[in-house]
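Please open the model in a viewer with residue selection enabled. The tour proceeds by selection, each stop stating what is to be found there.

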Amino acid sequence: MPTPRDPTTKQRVLDLRANSRSVQYIASTLNVPERTVYEWCREARALALVDLHKIQDRLDELAEELDDRRLFDVSVLLAKATRGLSA
């Protein structure tokens, strides 16, 4: 059974989930406990949200610095998407 630090298996799990494979399918195919699949996916989602928040903050700074309304609009859309993922 792979350890939580096995990056190859972890990446395969995330790739399969990104391709809409069920947790049960992934667990049985890769011989990984379902709980581990859920944990790895939850962790990846949390890290992605942190990255999205950083990008949004930088976009806000850039919009203000350049006084560009279009960049601010993109930032607002990103904020809405991020809130949707956080729910």
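Begin by selecting D67. With a relative accessibility of 71%, D67 counts as exposed, because the cut-off for that class is over 50%. The model is a predicted one, and every value quoted on this tour is computed from it. D67 lies in the loop between α3 and α4 (69–86), just after α3, and takes a positive phi of about 50 degrees. For a sense of distance, add R42 to the selection: it is 25 residues from D67 along the chain, and the two C-alpha atoms are separated by 37 Å.

Next, select α3, residues 34–66. How far apart are the end C-alpha atoms of α3? They are 48 Å apart, which agrees with the span that its 33 residues should have at 1.5 Å a residue. Within α3, colour T36, V37, W40, C41, L49, Q56, L59 and A63, which are buried.

Move now to α1, residues 7–18. This helix has twelve residues and reaches 16 Å from its first C-alpha to its last, close to the 16 Å expected at 1.5 Å a residue. Which residues of α1 are buried? They are T9, K10, V13, L14 and L16. These residues cover an arc of only 165 degrees around the axis, which places them on the same side of α1. As a general point, an α-helix has 3.6 residues a turn, so residues three or four places apart point the same way. Turn to the other side of α1 to find P7, T8 and A18, which are exposed.

Display α2 (23–30) together with α3: the buried residues of α1 pack against both of these helices. Then select S20, just after α1, where phi is positive at about 65 degrees.

Finally, keep α1 and α3 in view and look at how they meet. They pack at an angle of about 80 degrees, with their axes 10 Å apart. The two helices are therefore roughly perpendicular to each other. To show the contact, select T9, K10, V13, L14 and R17 of α1 with V37, W40, C41, E43 and A44 of α3. The residues of this contact divide into six nonpolar, one polar and three charged. Colouring by burial links this stop to the earlier ones: T9, K10, V13 and L14 are among the buried residues of α1, and V37, W40 and C41 are among those of α3.

Key
Residues are numbered from 1 along each chain as its sequence is written. This is a predicted model: local features need pLDDT of at least 70, side-chain atom pairs count only at pLDDT 80 or more; totals for chains, interfaces and linings use all residues. Side-chain values use heavy atoms; hydrogens and water are left out. Helices (H or I, at least four residues) and strands (E, at least two) are DSSP runs, numbered from the N terminus. The expected span of a helix is 1.5 Å times one less than its number of residues. Buried means under 20% relative accessible area, exposed over 50%, partly exposed in between (1.4 Å probe, protein chains only). The arc is that of the directions from the helix axis to the C-beta atoms. Contact means heavy atoms within 4.5 Å. Axes are lines fitted to C-alpha atoms, for helices over the stretch in contact, and angles run from 0 to 180 degrees between N-to-C directions. Angles under 35 degrees count as roughly parallel, over 145 as roughly antiparallel, 65 to 115 as roughly perpendicular and the rest as oblique. Ala, Val, Leu, Ile, Met, Phe, Trp, Tyr, Cys and Pro count as nonpolar, Asp, Glu, Lys and Arg as charged, and the others, Gly among them, as polar.
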